[in-house]
Amino acid sequence: MTTSDASSLSQTGKSSKRRPAPRVAPAAIHDTAPALGWYSDNVLFGEMWERTELSKRDRSIVTVAALITCGHLAQLTGHFNRALNHGVNPSEIVEMVTHLAFYAGWPCAVSSVGVMQQVFSARGIGPEQVEQSISEQLPVCQAETARYLGMVAPALEEFTERVVLGDLWQRTELAPRDRSLVTIASALAQGQLDQLPGQVAQGLENGLNEKEIAEALAHLAFYVGWHKARSALPVIEAAFRAHGRA
Amino acid sequence: MTTSDASSLSQTGKSSKRRPAPRVAPAAIHDTAPALGWYSDNVLFGEMWERTELSKRDRSIVTVAALITCGHLAQLTGHFNRALNHGVNPSEIVEMVTHLAFYAGWPCAVSSVGVMQQVFSARGIGPEQVEQSISEQLPVCQAETARYLGMVAPALEEFTERVVLGDLWQRTELAPRDRSLVTIASALAQGQLDQLPGQVAQGLENGLNEKEIAEALAHLAFYVGWHKARSALPVIEAAFRAHGRA
Amino acid sequence: MTTSDASSLSQTGKSSKRRPAPRVAPAAIHDTAPALGWYSDNVLFGEMWERTELSKRDRSIVTVAALITCGHLAQLTGHFNRALNHGVNPSEIVEMVTHLAFYAGWPCAVSSVGVMQQVFSARGIGPEQVEQSISEQLPVCQAETARYLGMVAPALEEFTERVVLGDLWQRTELAPRDRSLVTIASALAQGQLDQLPGQVAQGLENGLNEKEIAEALAHLAFYVGWHKARSALPVIEAAFRAHGRA
């Protein structure tokens, strides 16, 4: 596409949208990096967050998942609040953190608990507003059992089946569809392409549609960077095709 | 595996282990994210850290290597202390940080020095307890020499051979086996699969066995996330097969 | 290469360079991790930064780009200052941050603005010394237009063409050559190999030469770690070959 194509594109259609975007980026951004402030207000918040292809609640879910996964604690306070404003309830936020302990690693989850606690406290959200079931049974590692014999990494297989798939994914604190959204966002944030086909297929089974996943990818480009989003695009395309055939 | 398989599995064999797990996760985790606290106490610390397929000393080595590599400074104080308790000596910890300057990058190592210093100071570990040799010769970059002519990146090749392989890996402050464990953990933490086959082969040469490497992978799934661990599994399997044939 | 080869290499040629390296690493590094201090002074600063294959200005550009991308805020103060000392002007630094909002993600850029502000303030650099143009037109997302119909991720394609390529890359605050250097450094820092061939080809078009890119790779090995640098090497070699044939 040439630049003139691009500029002609931007002169068509939706010009009625061109009211000045409200200031969302903090003053420090506008003062020190005015163009970054402008892109923040006009492109990221003025356009991307306003697109209707994905709900604001879903945009908050993938944004928070990416921030926790990448350890961007400084941005997490604002986005936890935004998520609560967009209808993600406290139990779901706690469950997202718990889910990401497994998919992004314990340190990412544990570090975000402190931020979550402050946000909850500032909003007067107490433990009585957070429903959290706990498995009664202590899982026992059975990597020695026959079915795992001969596997290269029996413990990884066993924990995956028994704890991650058998327990974590069965928890009702977060809908399977939302859990898939979190898991896909976390894989994108890590640039872990090998896990995407399986997680995208699972997400489609769990009720996400292709348009939502593609829109989440575009949204996340702003939060995890263009490199990771562009690299994920062909993988997601292939996963859609494979799912269509299946 | 179906869920009922999983639950029947967890009712067999080792049920005698089902005493309540001691509380390891801090109160803030239990208060705000009870299920995360439960998984921490019962699964991560109650099961994984207790498995005998890898020593606690080795578990500490790979955990610390992953935390340094990912910049998880908040968790590093606790795990430096845990490592010292598990028999990693101060010289070895300093050398791990030095080794990771090369494999995870200078900023990761430099940032962790401050944490290390505080831990040492709190435990009364002084410089006299840290043995650190220093090469007498200042290496000189010889990328212009004939043997590097024609290479695309002569400087990278030259620094790799002369400094990393020729000097760093020759240092006696950390056993080659442990150095391999650190290097593999750091590659896993970065999701750098291309470097795994070579480092796994080197680790097997340096005295690690396949069971230990597979168990380190399962252990690290909790610290670097399931996505990276699952992606690494087929690469490690292939590396084991290739090594078995060699 | 055997160790004896390595040591004979280091005894040839440039021995006149063997004056003691000046102390660059902070005292805390030398006190707690003497070998790391030694490698810092003698290898990283004494050798790598002194090599003439890449200017110090370019070394600062790729270093700052890698630090912003990886969120290494603790090292950023020093390297922003170093970059200013090496001739990167304030407008270029602000533009690097803005560029990296897209390539490393918004949180990385936003977090580094605070550090940049402090550095500018300490040096008496005010807004009047930072030139920043702002597009007058508010871009409007046209993903619904005919040309994007049928694409899997129309929004990602559209934002890429209209905003990233059509607007960001057209900005004159940073030369295309330097913008390529920043983009390549950021891809290397993320271990995002799939984006390298295209960005390397673009960089060569924008005036970088192969020697500079290869030297930037060696330089960045110290800042993003050996694993990522070694993984990128064959990809960059292939990109050079493909460009040579084109």
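**Exercise 1. Symmetry**

Which turn and which shift along the axis lay chain A on chain B?

*Solution.* Step one: superpose the copies. In this predicted model, chain A fits onto chain B with an RMSD of 0.0 Å. The operation is a turn of 120° with a shift of 0.0 Å along the axis. Step two: name the relation. That is a three-fold axis. Step three: find the part of chain A at the axis. Gly191(A) comes closest of the residues of chain A, with its C-alpha at 4.8 Å from the rotation axis.

**Exercise 2. The fold of one chain**

How many helices and how many strands does chain A have, and what share of its residues is buried?

*Solution.* Step one: count the elements. Chain A has 12 helices and zero strands. Along the sequence the pattern is therefore α-α-α-α-α-α-α-α-α-α-α-α, by the rule that numbers DSSP runs from the N terminus. Step two: check burial. Of the 246 residues in chain A, 61% are buried. Step three: look at the contacts with a separation of 6 or more. In chain A, 65% of these join residues 24 or more positions apart. Step four: turn to the surface. Chain A exposes about 9,000 Å², and 51% of that comes from carbon and sulfur atoms.

**Exercise 3. The side of chain A that touches chain B**

Describe the interface of chain A and chain B: what area is buried, and which helices of chain A supply residues?

*Solution.* Step one: count residues. The contact involves 58 residues of chain A and 52 residues of chain B. Step two: take the area. About 4,900 Å² is buried between chain A and chain B, with 66% from carbon and sulfur atoms. Step three: list the polar terms. There are 13 residue pairs in polar contact across this interface. The rule also finds two salt bridges. One of them pairs Arg162(A) with Glu47(B), with the closest N and O atoms 3.1 Å apart. Step four: assign the helices. Helix 6 (90-103), helix 7 (106-122), helix 8 (154-165) and helix 9 (176-190) of chain A each supply at least two residues of this side.

**Exercise 4. The side of chain A that touches chain C**

Which three residues supply 17% of the area that chain A buries against chain C?

*Solution.* Step one: set the scale. Here 53 residues from chain A meet 59 residues from chain C. Chain A and chain C bury about 4,900 Å² between them, 66% of it on carbon and sulfur atoms. Step two: name the residues. Tyr39(A), Trp226(A) and His227(A) give 17% of what chain A buries here, more than any other three residues. Step three: add the polar terms. The interface holds 13 residue pairs in polar contact and two salt bridges. In one salt bridge, Glu47(A) meets Arg162(C) at 3.1 Å, N to O. Step four: assign the helices. Those of chain A with at least two residues on this side include helix 3 (34-45), helix 11 (210-224) and helix 12 (226-245).

**Exercise 5. One residue in chain C**

Is Ile61(C) buried or exposed?

*Solution.* Step one: place the residue. Ile61(C) lies in helix 4 (residues 56-70) of chain C. Step two: apply the cut-off. Ile61(C) has a relative accessible area of 1%, and buried means under 20%. So Ile61(C) is buried. Step three: list partners beyond four places in sequence. Ile61(C) touches Val88(C), Met96(C), Asp178(C), Leu181(C) and Val182(C). Step four: take a distance. The C-alpha atoms of Ile61(C) and Arg82(C) are 9.8 Å apart, with these positions 21 residues apart along the chain.

Technical notes: Residues numbered from 1 in each chain as written. Chains lettered and ligands numbered in written order. Predicted model: local features only at pLDDT ≥ 70, side-chain atom pairs only at ≥ 80, totals over all residues. Heavy atoms only, no water. Least-squares fit on C-alpha atoms with pLDDT ≥ 70 in both. Helix = DSSP H or I, 4+ residues; strand = E, 2+ residues; numbered from the N terminus. Buried < 20%, exposed > 50% of the residue type's maximum accessible area, 1.4 Å probe, protein only. Contact = heavy atoms within 4.5 Å. Areas by Shrake-Rupley, 256 points an atom, 1.4 Å probe, with all protein chains shown as cover. Buried area = accessible area lost by both parts, 1.4 Å probe. Salt bridge = Lys/Arg side-chain N within 4 Å of Asp/Glu carboxyl O. Polar contact = N/O pair within 3.5 Å; in protein donor to acceptor, adjacent residues only side chain to side chain.
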